[in-house]
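Trainee: I have a model open beside me and would like to learn how to read the packing of its helices and the surroundings of its ligand. Could we go through it step by step?

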Amino acid sequence: MRVAVVFDSAFDWSPDQHAAKMAKEIANRRNTEPEMHYQIANSLRKNGNDVLLFGIKDDPHAMSTQLGEWKPDLVFNATEAFLDNSNLDYLVPALLEAEGYRYTGAPPLALLVTRNKAMSKKILAFHDIKVPSFKSFRAGESPDENTNLRFPVIVKPLAADASEGISQASIVHDLNALRDRVAWIHERFDQPAIAEEYIEGRELYATMIGNGDKAEVLPIVEMVFDQAGSRPEDRIATQKSKWDLDYRKRRGIRNVFARKLAKVAQERLMRTCYAAYRAFWLRDYARIDVRLTEDNEVWFLEANANPFLSYGHDSAESAHKAGMRYDAFIQRIVDEAMSRPA
Ligand SMILES: Nc1ncnc2c1ncn2[C@@H]1O[C@H](COP(=O)(O)OP(=O)(O)O)[C@@H](O)[C@H]1O
Ligand SMILES: [Mg+2]
């Protein structure tokens, strides 16, 4: 098959230049993790596909021209942003949509709705899925005595990801601190803030793969924290606890496969995952993040329509546990994208 891997890039490079960079990064993979798009392209090649590496810097027309000439059977969408802005991650799929290409992963609607942490919770509430109570605050709005939330509350940018803007200071215990943190989000991120009631519980990540009735939930990953010396509300996936390896080591933070869940918890988790996958029009693959409380209630945190696909990270690890080595996992995404109704 002819598969074009499209990704956002800081460089104005030709496919050949990217191919050369990919070869270098793959050869050095034991020392430094190759970029996700190179990992994907490398697997696709090993699987026998004809692969084009297309990096978009700032000119979407260049993609149209290149794809028009190369004529892929499928576009593997490995973009995470446009112009370094992850809020514009829907742009490339929207263009692919307009030009009639078949591409992997979520459509623009799913990317937009899941990115908005208020909109997505409202939709799942309609389906009777448990979501934390929340209030959103746009520029110029501030919490007051009528802000009816039970503390502690966690304050986040409304539409960021990768735990951007999330640290221990995101958890607030009173109205004054809530006001300050909301103002800080407005100022620092230039976007609305969402304040959610804090859910104490285990942190679980469910990667899904497939479509329609055949979508599967892969083995569940849990982020675990050293219990000693930390309060429950310290145990959240902050930016540091996700990405800073030294910090993770110091705090005993690890992503592991979740030990077997109680039957009722497992059922609730499955119901939440399938409801989210369908309600958000997710496609081919996605990751649903939840919290599981002591009394086996499952609370939806967020859906990731375009989760990180690199080797050794949560989704690829789940796939591996389900029997798919990395190359097979990437090929499975291609096969899912080819076999669904457009
Ligand atoms: N309502 C909540 N209750 C408890 N923890 C939360 C809540 N919302 C977010 N968190 C913590 O913060 C992390 C990041 O929040 P999330 O909404 O997933 O943002 P991002 O899109 O940046 O990943 C979660 O993985 C979880 O650990
Ligand atoms: Mg998250």
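Mentor: Let us begin with what a contact is: two residues are in contact if their C-beta atoms, placed from the backbone, lie within 7 Å. Please keep in mind that this is a predicted model. In the case of H1 and H2, Met-22, Glu-25 and Ile-26 in H1 meet Tyr-38, Ala-41 and Asn-42 in H2, and by class this contact has four nonpolar, one polar and one charged residues.

Trainee: At roughly what angle do the axes of H1 and H2 cross?

Mentor: In general, two packed helices are described by the angle between their axes and the distance between the axes. Here the axes of H1 and H2 cross at roughly 90° and come within 10 Å, and because angles of 65 to 115 degrees count as roughly perpendicular, H1 is described as roughly perpendicular to H2.

Trainee: Which residues of H2 meet H12?

Mentor: From H2 they are Ile-40, Ser-43, Leu-44 and Lys-46, which meet Tyr-326, Asp-327 and Ile-330 in H12; the residues of this contact divide into four nonpolar, one polar and two charged. Helix H2 (residues 36-46) and helix H12 (residues 326-339) pack with their axes 9 Å apart, at an angle of about 90°, and are therefore roughly perpendicular to each other.

Trainee: Is Lys-24 buried or exposed?

Mentor: The idea is to count neighbours, and a residue is exposed if 12 or fewer other C-beta atoms lie within 10 Å of its own. Lys-24, which lies in helix H1 (residues 15-27), has 11 such atoms within 10 Å and so is exposed. Its C-alpha is 9.0 Å from that of Pro-34, a residue 10 positions apart from Lys-24 in sequence.

Trainee: Where does ligand 1 lie with respect to the domains?

Mentor: One asks which domains give residues to the shell around it. The domain assignment of the chain gives domain 1 (2-103), domain 2 (133-197) and domain 3 (200-339), and ligand 1 lies between domain 2 and domain 3, because both give residues to its shell. The C-alpha centres of these two domains lie 24 Å apart, and their contact takes eight residues from domain 2 and seven residues from domain 3.

Trainee: How many residues surround ligand 1?

Mentor: There are 20, the closest being Pro-132, Glu-196, Ile-199, Ile-236 and Ala-237, while strand S5 (153-157), strand S12 (285-292) and strand S13 (298-304) are the elements that give two or more residues to the shell. By class, the shell has 10 nonpolar, one polar and nine charged residues.

Key:
Residues numbered from 1 in each chain as written. Chains lettered and ligands numbered in written order. Predicted model: local features only at pLDDT ≥ 70, side-chain atom pairs only at ≥ 80, totals over all residues. Domains from an automatic or database assignment. Near = placed C-beta within 6 Å. Helix = DSSP H or I, 4+ residues; strand = E, 2+ residues; numbered from the N terminus. Nonpolar A, V, L, I, M, F, W, Y, C, P; charged D, E, K, R; others polar. Buried ≥ 20, exposed ≤ 12 C-beta atoms within 10 Å, placed from the backbone. Axes fitted to C-alpha atoms, helices over the stretch in contact; angles between N-to-C directions. Parallel < 35°, antiparallel > 145°, perpendicular 65-115°, else oblique.
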